[in-house]
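Biologist: Could you take me slowly through how the helices of one chain pack in this structure, and through the core that goes with them? I am new to this, so please name the residues as you go.

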Amino acid sequence: MTAPTSNISTARPMVIVGLDALDHWIGTVCRGVVLSTGAALLVSIAIGVVARYVITVGGVDWAEEVPKQLFAWFIMSGVVLAVQGGNHIAVDLVMHYLSPGALRILVVLTNLLVCVAYVYLFGVAMEVAELAAAERNPVLGTPGSLPFYALAAGAVLTAVGSLSIAIRVWVLGADARPQGNPEDSVE
Amino acid sequence: MILVMILAFFILLALAIPVAHVLVIASGAAILYGGEVPTLLVAQQMVNQTQSFPMLALPFFILAGSLMMSGRLGEKLVGFATELVQRYRGGLGSVSVVGSCVFGGVSGSAVADATALGGMLIPWQKREGYPAAFTAANNAAAASIAILIPPSIPFILYSLVSNVSIADLFIAGVLPGLMLTAGFVAVCNVSARLRGFPFAEHPFDGPKCRKLFIEALPALAMPAMILLLLRFGFATPTEVSVIAVFYALAAGIFFYRDMTVKRFGQALIAAGVATGVVMLVIMGSAIVSWLMTYAQIPQTFAEWCLGTLQQPWLIILAMVLIMMVAGMFIDLPAAILLLGPIFVPLAQAINMDLTQLGVVMVLTLAIGLYTPPVGTTLFISSSIAQTSILASSRELGPFYLVAFGTVLMFSYLPFLTI
């Protein structure tokens with residue numbers, strides 16, 4: 001839930017208020033998926049470790065299959081959160097040489113391009129998911145399409161996130177783009 | 001098709017689109033343009049990377065580091081490093097170097113180290129009389145040590161493209177990490193002597209150092225534990241990464257007593273975001289690599305190099321130069337994933353050990369982290385030190401000398417790769 005806004009406050013355009021709510025909702029869902037799948041991955045691998053090395057029963061079949069089903073969801077939720085936070089690594093040299101107006105146009109256009117590309121990826125992922133649905137995982141019996149649905153969901157939410165950034169920057173200027181936190185870097 | 005991919009890659013990269021998106025879009029555009037390969041390949045290749053059990057080591061090594069670093073441990077590590085070296089000439093500068101070495105064993109990220117250590121140490125060093133540009137250059141270069149000391153994310157990525165064991169790479173990374181540490185400490189020492197930098201003149205406080213060592217011990221022991229478990233084959237890298245998470249949790253709960261459910265949740269989300277960033281690069285690189293293999297680029301490149309350069313030492317030099325230039329413009333994970341599939345067959349053709357190639361690759365690409373125009377740790381350190389990139393770059397000369405020397409040693413002396 002977003003905090004109620006006052007009528008006399010800083011007059012944030014309605015479209016931005018709407019995007020704040022949408023991004024907040026997407027962020028909450030993705031954080032929930034990261035927490036639940038991350039904890040499940042940790043526990044399932046830990047059970048495998050205990051089974052193999054502590055009680056030496058040679059591993060647990062389902063504990064080996066669960067990670068393969070969940071990892072794609074964990075990754076794609078992280079991808080979407082990284083889009084929202086501006087954490088994806090870019091070579092942003094050109095940005096230092098552009099005027100604010102040109103920078104705004106560049107950020108809007110590049111985010112629109114990413115949006116279109118990921119909408120296309122969504123379509124491709126859905127197509128492969130339908131093909132992979134016929135396969136079943138031997139122990140859990142879950143369809144082989146689950147990781148493809150994760151890719152499709154991540155792709156469509158990445159497209160929404162990029163569109164949101166494009167609109168924000170168009171309305172508020174280039175400084176409205178997310179710029180990431182260096183401490184979260186993986187380099 | 002490949003030409004379209006290469007053109008799209010460089011144009012989109014120059015337009016500041018994130019590298020991971022560039023890889024996905026450029027390869028997708030090439031497939032659509034060529035029409036020889038079905039577009040379904042994009043989704044298949046991307047999902048294939050998420051089905052790799054060894055890749056699960058990534059989020060859990062990141063999580064273990066995040067759990068360790070988000071508590072009081074950071075202060076303890078810096079305190080220990082300070083007490084160890086500050087009384088020597090150039091000691092205040094050396095704290096950044098030794099700190100990066102011990103931090104690297106926990107965080108595994110050069111940029112995180114540059115930010116965390118720089119934020120703590122640069123203002124202190126400036127206050128004590130060090131030139132701002134030197135503190136920035138020192139912090140930027142020292143942070144690169146972090147990615148050589150295990151657990152190292154770049155080595156995990158290299159193992160993906162080369163099939164070299166993660167354990168062998170982690171072990172091989174320790175010596176160059178320690179050599180860079182010794183080299184950068186020497187730079188601090190010589191610079192301090194030549195330029196009269198101040199140093200703490202109080203005597204060595206043994207009991208204080210012992211106390212700080214004991215407080216920092218759980219963190220210092222983590223890389224050792226990881227190496228031992230991997231070296232003696234007790235568990236796979238993914239299992240070791242999960243053991244490291246439980247170890248970090250135990251240290252936070254029982255030793256430092258600062259672990260909370262909230263902190264664990266925040267660290268897990270941070271690990272999820274970092275994993276998303278790296279894995280999307282891996283997923284995008286997988287499509288690019290598939291297309292390059294389809295077009296026989298690695299084989300053609302290897303044949304061209306063997307036919308033109310002929311001498312192994314020249315081929316190694318060419319690889320190092322290409323990596324240096326790539327490291328200046330492309331981020332480290334993407335550079336490893338893109339250059340790896342091209343250089344691995346070439347190294348095999350000249351009988352170069354693939355573990356040695358991995359060490360040389362990470363060492364060389366790490367120089368790009370503190371080299372303009374896209375030096376991430378250089379930007380961060382200069383910003384913290386409130387000095388210009390140009391001024392910091394001027395101070396980097398001796399650090400480059402040490403780094404290039406180390407690269408050349410590991411390139412041409414295979415026995416150094418243990």
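Modeller: What follows looks at the helices of chain B, beginning with an enclosed one and ending with the core. Please keep in mind that this is a predicted model.

Let us begin with helix α3 of chain B, residues 40-50, where nine of the eleven residues are buried, so that this helix is largely enclosed by the rest of the structure. The buried residues of α3(B) are B:L40, B:L41, B:V42, B:A43, B:Q45, B:M46, B:V47, B:Q49 and B:T50. What covers them includes helices of both chains: α2 (61-85), α3 (100-132) and α4 (146-172) of chain A, together with α2 (19-34), α9 and α13 of chain B.

Helix α9 of chain B, residues 153-162, also has a partner in helix α4 of chain B, residues 57-69, and the axes of these two come within 11 Å and cross at roughly 175°. Because an angle over 145 degrees counts as roughly antiparallel, α4(B) is described as roughly antiparallel to α9(B). On the side of α4(B) the contact is made by B:L58, B:F61 and B:I62, and on the side of α9(B) by B:I153, B:I156 and B:L157. These residues divide into six nonpolar, no polar and no charged.

A second pair in chain B is formed by helix α7, residues 110-127, and helix α8, residues 132-143, which pack at an angle of about 155° with their axes 9 Å apart. That angle makes α7(B) roughly antiparallel to α8(B), and α7(B) passes α8(B) in a right-handed crossing. From α7(B) the contact takes in B:A110, B:D113, B:A114, B:L117, B:G118, B:I122, B:Q125 and B:K126, while α8(B) brings B:A132, B:T135, B:A136, B:N139 and B:A143. The residues of this contact divide into seven nonpolar, four polar and two charged.

Finally we come to the core. The largest nonpolar core has 199 residues, and those with the most contacts inside it are B:M319 and B:Y370. Helix α13 of chain B, residues 261-294, gives the most to this core, with 17 residues. Apart from this core lies another, of eleven residues, among them A:M95, A:L103, A:I165 and B:A16. To return to B:Y370, and leaving aside residues up to four places away in sequence, its side touches B:A140, B:A141, B:S144, B:F184, B:G375, B:T377, B:L378, B:L396, B:F399, B:Y400 and B:A403.

Methods:
Residues are numbered from 1 along each chain as its sequence is written. Chains are lettered from A and ligands numbered from 1 in the order in which they are written. This is a predicted model: local features need pLDDT of at least 70, side-chain atom pairs count only at pLDDT 80 or more; totals for chains, interfaces and linings use all residues. Side-chain values use heavy atoms; hydrogens and water are left out. A nonpolar core is a set of buried Ala, Val, Leu, Ile, Met, Phe, Trp, Tyr and Cys residues joined through side-chain atoms within 4.5 Å. Buried means under 20% relative accessible area, exposed over 50%, partly exposed in between (1.4 Å probe, protein chains only). Helices (H or I, at least four residues) and strands (E, at least two) are DSSP runs, numbered from the N terminus. Contact means heavy atoms within 4.5 Å. Axes are lines fitted to C-alpha atoms, for helices over the stretch in contact, and angles run from 0 to 180 degrees between N-to-C directions. Angles under 35 degrees count as roughly parallel, over 145 as roughly antiparallel, 65 to 115 as roughly perpendicular and the rest as oblique. Ala, Val, Leu, Ile, Met, Phe, Trp, Tyr, Cys and Pro count as nonpolar, Asp, Glu, Lys and Arg as charged, and the others, Gly among them, as polar. A crossing is left-handed if the near helix is turned anticlockwise from the far one by less than a right angle, and right-handed if clockwise.
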